[in-house]
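Thanks for making time this morning. I would like to walk you through one structure, with some care about what can and cannot be read from it.

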Amino acid sequence: MTQPPGFSIQPFGEAAVIVILGNSIDDANYRQLAALAKAIQEKPPLGFYELVPAYNSLLVVFDPLLSDTTAIASSLQALASAMEPVSSEAAKDIIELPVAYGGNYGPDLDTVATKTGLTPDEVIAIHSSKPYLVYMLGFTPGFPYLGGMDPRIAASRLKTPRTKVPAGSVGIADAQTGVYPLESPGGWNLIGRTPLTLFDPARQVPALLAPGSYVRFVPISHEQFDALQSQREVAPDDERTIDDSAPVPAPVKAPESAGGSAVSTTLLVLKPGALSTVQDTGRFGFQAAGVPPSGPMDEYSMSLANILAGNEPGSACIECTLGGLELRFEAATMFALAGADTPAFLDDQAVAMHRSLRARAGAVLRLGMAKTGLRMYFAVNGGIAVPMVMGSRATFQRGGFGGLDGRALAAGDRLVLGQSSDSAITDRVVPQALIPAFSSSIIVRAIPSHEADRFTIAGLERFFSASYAVSQKSDRM
């Protein structure tokens with residue numbers, strides 16, 4: 001396959017291709033990739049979904065039911081070949097971030113100064129002397145990876161990461177600098193903090209920064225920081241730079257009717273089990289802002305449960321890991337269970353999975369521990385009507401949004417249900433052949449990608465022939 005000059009276009013799984021330019025961090029190459037991204041947004045190929053930029057690559061995600069890697073790659077080749085050279089003199093979209101350096105806002109400033117043989121004031125002056133290119137967002141939603149930091153202030157990461165880094169903290173790690181949009185663990189040296197909110201899922205454009213824009217840090221006093229933070233000032237909409245107007249086809253996700261016409265009917269959580277969260281099909285179109293799709297671990301089982309309960313397949317339901325969930329119905333309704341083989345009892349009477357079930361008002365559903373499989377899905381007629389956040393009701397725990405306040409369910413929680421329609425729905429049963437089977441041994445298909453040539457043939461043969469055990473430390477991510 002002939003590649004446009006400089007670009008390498010390779011398959012990336014079944015639903016994406018990756019465009020690579022160069023093998024290092026380079027502003028000129030990045031501008032070329034950004035120009036290609038703009039061309040794709042202006043003339044999207046059939047099935048195009050979203051773009052995810054990185055340092056020297058551009059991930060192009062598409063719907064595999066509408067297109068394939070060959071067709072997408074061909075379209076990208078045509079767009080890339082028609083591109084004009086990108087001028088290095090192009091105007092820069094610079095966003096200024098006020099930063100209070102040192103003290104409680106930058107507890108590692110003095111350490112960085114000592115490591116680099118500079119004074120704290122010299123570190124501040126160098127750090128704030130130039131604009132930084134935002135290469136990509138990731139790690140946590142809205143976290144900018146910035147290029148172009150002066151090597152004079154490079155400092156190695158902390159030996160022991162902090163368990164909590166305050167939102168807005170500005171850090172240095174080796175030759176990189178960045179800003180923590182949300183409170184999270186982190187091992188970067190903290191030299192200051194901005195009072196601006198870099199990521200807010202309630203905003204029309206959640207991320208303040210965008211790949212391809214530039215950031216300049218502006219030193220302010222601690223008093224100015226306190227005043228700005230108390231006012232909760234953020235940049236106005238016209239200063240936010242993520243382009244959310246690209247003609248991307250809308251993905252299939254939870255319909256508004258799955259909670260859009262909510263009534264007062266609720267479920268009471270008596271016991272949450274090991275881990276229970278509200279999930280729907282997931283949120284899409286925000287990976288460039290560092291937001292993963294979320295959604296169910298077992299979409300097939302979730303869809304079965306919803307169909308049995310009389311909902312659209314992507315409606316919001318409860319994903320329960322391992323089991324142990326207990327719920328009280330506060331109104332009569334239809335519901336269903338699907339997924340991991342789990343003992344279930346309604347008012348102490350055993351009930352079957354993978355079929356429509358009905359509960360009276362006040363009935364209690366109790367789940368035992370999964371016998372095979374890991375996750376079970378509870379769907380109730382009308383869906384669970386938690387608020388839509390960025391187009392989805394799915395819980396994203398690490399981001400702290402979606403579902404019920406962005407967290408796992410807890411005893412005492414009440415979940416509002418969508419408008420019930422079970423009076424018009426007949427009972428349904430999943431045919432035995434369609435009930436999912438869970439084995440302790442599974443085969444995971446893999447497509448060699450663009451870095452496979454870094455391995456020897458023997459290494460690849462070993463990788464594809466070995467068996468692996470899932471670690472006990474694994475989580476949904």
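Before anything else, a cut-off that I will lean on: a residue counts as buried when its relative accessible area is under 20%, as exposed when that value is over 50%, and as partly exposed in between. Glutamate 319, at 1% relative accessibility, therefore falls in the buried class. Please keep in mind throughout that this is a predicted model.

On confidence, the protein chain has an average pLDDT of 89, and 90% of the residues reach at least 70. The stretch to treat differently is residues 233-263, where the pLDDT is below 50, although in the model this stretch has 78 contacts beyond near neighbours in sequence. Where pLDDT is low, the predicted coordinates should not be read in detail.

Now to the charged pairs. Side chains of opposite charge can pair when their charged atoms come close. The search of the whole structure gives 14 salt bridges, and one of them joins the buried glutamate 319 to arginine 476, with 2.7 Å from N to O. Because glutamate 319 belongs to strand E16 (residues 317-321) while arginine 476 sits in the segment after helix H7 (457-465), this pair ties together parts that are 157 residues apart in sequence.

A second pair is arginine 366 with glutamate 326, whose closest N and O atoms are 3.5 Å apart. Here arginine 366 comes from strand E22 (residues 364-367) and glutamate 326 from strand E17 (residues 325-329), so the parts being tied together are 40 residues apart in sequence. Arginine 366 is partly exposed at 30% relative accessibility, whereas glutamate 326 is buried at 14%. Both residues also belong to a network of salt bridges that links them with Lys271 and Asp348.

How many disulfides does the structure hold? The number is zero. Cysteine 317 is in no disulfide, and the nearest cysteine sulfur, which belongs to cysteine 320, is 11 Å away; cysteine 320 is likewise in no disulfide, with the sulfur of cysteine 317 as its nearest. Cysteine 317 is buried, at a relative accessible area of 0%, and cysteine 320 is buried too, at 1%.

Finally, the surface. Leu46, Leu65 and Leu66 make a nonpolar patch of about 380 Å². Leucine 46 is located in the loop between helix H1 (27-42) and strand E3 (48-53), and with a relative accessible area of 62% leucine 46 is exposed.

Definitions and conventions:
Residues numbered from 1 in each chain as written. Predicted model: local features only at pLDDT ≥ 70, side-chain atom pairs only at ≥ 80, totals over all residues. Heavy atoms only, no water. Disulfide = S-S within 2.5 Å. Buried < 20%, exposed > 50% of the residue type's maximum accessible area, 1.4 Å probe, protein only. Patch = residues over 30% accessible without salt bridge, like charges linked within 9 Å, V, L, I, M, F, W, Y side chains within 5 Å. Areas by Shrake-Rupley, 256 points an atom, 1.4 Å probe, with all protein chains shown as cover. Salt bridge = Lys/Arg side-chain N within 4 Å of Asp/Glu carboxyl O. Helix = DSSP H or I, 4+ residues; strand = E, 2+ residues; numbered from the N terminus. pLDDT = per-residue confidence, 0-100. Contact = heavy atoms within 4.5 Å.
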